[in-house]
Amino acid sequence: FIDSTRSPESLTIPTAGVLSASEGTVECWVYVNDIIKRQLGGFSNGMVISIPRLGGSLGIYLTHRGDFPVWEFRTYADDNTYTTKAVSNSYTPNGWHFLALRWSLDRADLFIDGVLRGTISNPKLPSGFYDIAYIGSQGHINTLIDDLRISSIARTDEEILATYNSNAPLPVD
């Protein structure tokens, strides 16, 4: 914040040597409010995580849909086929929530506040990722994001729950 106004900002993360298309986890605390959940009829009004595949097209993402009251995560293969899962936003009343998106060759999962809320079996995955990943910058999410961890492994259910319950900053990966 600068002089009581929000300064435009965008967090981009280099993916080379950090993220693998075959497995990984992105975790962060997100302040959920009516702005992020707005229902304006558009497709993605609240993109939290976006990891483009090689060539810059969609790869893996987590968004709050603009046309339905759901969180959606989706994975794309190189041939543009995809797998998707929608999770009710009833799990995220206004306030801070811990979101974790995990993927591997056999499944992709969304955790909300340490609890598994959605699974895609046998997700379509890209062969690789583009040079950068975006956190909160595509789809113009208008909220706060805190305590981000990006892992090159698919963290276990127990690790994700323990991280949520710890009430401590995320450990360095």
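Tyrosine 31 is a convenient place to enter this predicted model: with a relative accessible area of 30%, tyrosine 31 is partly exposed, because its value falls neither under the 20% that defines burial nor over the 50% that defines exposure. Tryptophan 96 is likewise partly exposed, at 39% relative accessible area. The structure contains 6 aromatic pairs, and tyrosine 31 and tryptophan 96 make up one of them, in an edge-to-face arrangement with 5.5 Å between the ring centres and 70 degrees between the planes. This contact joins distant parts of the chain, since tyrosine 31 belongs to strand 2 (residues 24-32) and tryptophan 96 to strand 7 (residues 95-103), with 65 residues separating the two.

A second pair is formed by tyrosine 76 and tyrosine 82, whose rings are tilted at 45 degrees between the planes, with the centres 5.2 Å apart. Within this pair, tyrosine 76 is buried, with a relative accessible area of 7%, whereas tyrosine 82 is partly exposed at 42%. Tyrosine 82 also has a charged neighbour, for arginine 74 lies over the face of its ring, 4.0 Å from the ring centre. Elsewhere, Trp29, Phe98 and Tyr164 come together as one aromatic cluster.

Strands 2 and 7 lead on to the sheet that holds them. This is an open sheet of 5 strands with antiparallel pairing, arranged in the order 9-8-7-2-11. Its edges are strand 9 (115-121) and strand 11 (145-151), each of which pairs on one side only, and neighbouring strands are turned against each other by 15 degrees on average when direction is ignored. Strand 2 meets strand 11 in the antiparallel sense over 5 bridges, and valine 30 stands opposite isoleucine 145 of strand 11. Helix 1 (residues 157-166) lies across strand 2, strand 7, strand 8 (107-112) and strand 11, and runs at about 160 degrees to strand 7.

Attention can now turn to strand 4, in which 6 of 6 residues are buried. The burial applies to both of its faces, with Ile60, Leu62 and His64 on one side and Tyr61, Thr63 and Arg65 on the other. Strand 4 pairs with strand 5 (residues 70-76) in the antiparallel sense over 5 bridges, and the connection between these two strands is a hairpin through 4 residues. Within this pairing, threonine 63 has glutamate 72 of strand 5 as its bridge partner.

Two residues of strand 4 reappear around valine 48, a member of strand 3 that is buried, with a relative accessible area of 1%. Leaving aside residues up to four places away in sequence, valine 48 touches Leu62 and Thr63, and its other contacts include Cys28, Val30, Trp71, Leu99, Tyr134 and Ile141. Gly136 is also among the residues that valine 48 touches, and the C-alpha atoms of valine 48 and glycine 136 are separated by 4.4 Å, although their positions lie 88 residues apart along the chain.

Between strand 3 (44-51) and strand 4 (60-65) runs a loop that contains glycine 56. Glycine 56 has a relative accessibility of 38% and so counts as partly exposed. In space, its C-alpha atom is 5.6 Å from that of tyrosine 130, while in sequence glycine 56 and tyrosine 130 are 74 residues apart.

How values were computed
Residues numbered from 1 in each chain as written. Predicted model: local features only at pLDDT ≥ 70, side-chain atom pairs only at ≥ 80, totals over all residues. Heavy atoms only, no water. Buried < 20%, exposed > 50% of the residue type's maximum accessible area, 1.4 Å probe, protein only. Phe/Tyr/Trp six-rings, centres within 6.5 Å; stacked < 30°, edge-to-face > 60°. Lys NZ or Arg CZ within 6 Å of the ring centre and 35° of its normal. Pairing = 2+ DSSP bridges. Contact = heavy atoms within 4.5 Å. Axes fitted to C-alpha atoms, helices over the stretch in contact; angles between N-to-C directions.
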